[in-house]
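I keep these notes as I go through the model, entry by entry, setting down what I looked up and what I found.

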Amino acid sequence: MTDNPAQRARVPRRTRARVKRLPSWWLLPAGALLGAAAGGAYGLAKPPQYTATSSVVAVAAGRSDVDCADALGFAQAYGRVAPQLAVLGDAQVAAGVPAATLRESVQVATSPDAPMVGVSATSSSPGQAVDIANAVSRALVTQAGHTKKDTGIRLERLSRAVKPTEPSSASPALTSLVGASAGGLLGGLALLARPRRAADDDPGRAPVPGPAHAADARGPLG
């Protein structure tokens with residue numbers, strides 16, 4: 001059996017013709033399907049992440065000139081100090097991980113109404129997340145104790161981190177749903193940017209004759 005170059009050239013043309021005959025809205029379900037598959041694969045491939053949270057509270061260290069407003073202000077300041085190397089360097093020994101890992105996994109939150117500092121740690125291991133959160137909060141209490149004579153404020157442990165039982169990261173079902181939404185959106189944008197078909201490309205539309213010239217309509221003169 002011999003290959004005919006003309007026959008091979010007709011195959012892509014047939015494929016393009018079939019694609020052109022598809023309805024214009026096919027990009028929407030196709031994009032949603034591809035996005036759902038990609039999002040589900042990402043959710044299955046990425047290991048689950050667990051988050052544990054420990055909290056400390058700022059209190060007066062025995063000075064009469066320190067009030068609740070001062071404690072609230074210092075709690076905000078200690079919340080900004082917690083991710084710095086001085087605190088993380090003391091916590092890395094207790095947590096058993098490098099300071100760079102602590103910086104990536106630790107998040108600190110403060111309250112505008114209460115002198116509290118929340119230290120959250122995220123890791124693929126629930127036990128490691130607990131160790132990191134407790135280690136950073138202990139290091140923060142220690143750092144505050146070094147300056148309590150000057151500031152009149154000390155930090156006390158309010159709650160220890162508890163081992164999480166469920167992952168805090170998105171499940172494969174959620175990532176699949178997000179991927180489907182993103183894929184459908186991209187399909188809609190591609191549909192809007194797609195050039196409209198010309199009238200000659202639509203085989204189901206009959207050509208409309210143009211208007212006859214005035215001379216042709218009246219016939220030949222004379």
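**Entry 1, order of elements.** I began by following the chain from the N terminus, and I read its elements as α-α-β-α-α-α-β-β-α-α-β-α-α. The model is a predicted one, which I keep in mind throughout. My tally of the elements is 9 helices and 4 strands. I then looked up burial for the whole chain, and found that buried residues account for 26% of its 222 residues. I also looked at how far apart in sequence the contacting residues lie: of the contacts between residues at least 6 apart in sequence, 79% join residues at least 24 apart.

**Entry 2, the sheet.** In what order do the strands of the sheet lie? I traced an open sheet of 4 strands, ordered E2-E3-E1-E4, with antiparallel pairing. The edges are held by strand E2, residues 106-110, and strand E4, residues 153-159, each of which pairs on one side only. On average, neighbouring strands in this sheet are turned by 25° against each other, if direction is ignored.

**Entry 3, the pairs of strands.** I went through the pairs one by one, noting the bridges and a facing pair of residues for each.

- E2 and strand E3, residues 116-123, run antiparallel and are joined by 5 bridges; a hairpin of 5 residues leads from E2 to E3, and Val 108 stands opposite Val 119 in E3.
- E1 and E3 also run antiparallel, with 8 bridges joining them, and I found that Thr 53 has Ser 120 in E3 as its bridge partner.
- E1 and E4 are antiparallel as well and are joined by 6 bridges, with Val 59 opposite Arg 154 in E4.

**Entry 4, helices across the sheet.** Which helices did I find lying across the strands? Helix H3, residues 68-81, lies across strand E1 (50-60) and across E2, E3 and E4, and runs at about 75° to E4. Helix H6, residues 126-146, likewise lies across E1, E2, E3 and E4, but for this helix the angle I noted is to E1, at about 15°.

**Entry 5, H4 against H6.** I next turned to the packing of helix H4, residues 85-95, on H6, where the two axes come within 8 Å and cross at roughly 135°. That angle makes H4 oblique to H6, and the crossing of the two is right-handed. Which residues meet there? From H4 I listed Ala 86, Val 87, Leu 88, Asp 90, Ala 91, Ala 94 and Ala 95, and from H6 I listed Asp 131, Ile 132, Ala 135, Val 136, Arg 138, Ala 139, Leu 140 and Gln 143. Sorted by class, this contact of H4 with H6 has 11 nonpolar, 1 polar and 3 charged residues.

**Entry 6, Ser 137.** I picked one residue of helix H6, Ser 137, for a closer look. Is Ser 137 buried or exposed? Its relative accessibility is 0%, and therefore Ser 137 counts as buried. Setting aside neighbours within four places in sequence, I found Ser 137 in contact with Ser 54, Val 56, Val 119 and Arg 157.

**Entry 7, the loop after E4.** Finally I looked at two residues in the loop between E4 and helix H8 (172-193), and started with Glu 166. Glu 166 has a relative accessibility of 61%, so it counts as exposed. Thr 165 is found in the loop between E4 and H8 too, and because its relative accessibility is 74%, Thr 165 also counts as exposed.

How far are these loop residues from Thr 51 in space? From Glu 166 to Thr 51 I noted 8.9 Å, C-alpha to C-alpha, although the two are 115 residues apart in sequence. For Thr 165 and Thr 51, which are 114 residues apart along the chain, the C-alpha atoms are separated by 9.6 Å.

How values were computed. Residues are numbered from 1 along each chain as its sequence is written. This is a predicted model: local features need pLDDT of at least 70, side-chain atom pairs count only at pLDDT 80 or more; totals for chains, interfaces and linings use all residues. Side-chain values use heavy atoms; hydrogens and water are left out. Two strands pair if DSSP finds at least two bridges between them. Axes are lines fitted to C-alpha atoms, for helices over the stretch in contact, and angles run from 0 to 180 degrees between N-to-C directions. Contact means heavy atoms within 4.5 Å. Angles under 35 degrees count as roughly parallel, over 145 as roughly antiparallel, 65 to 115 as roughly perpendicular and the rest as oblique. A crossing is left-handed if the near helix is turned anticlockwise from the far one by less than a right angle, and right-handed if clockwise. Ala, Val, Leu, Ile, Met, Phe, Trp, Tyr, Cys and Pro count as nonpolar, Asp, Glu, Lys and Arg as charged, and the others, Gly among them, as polar. Buried means under 20% relative accessible area, exposed over 50%, partly exposed in between (1.4 Å probe, protein chains only).
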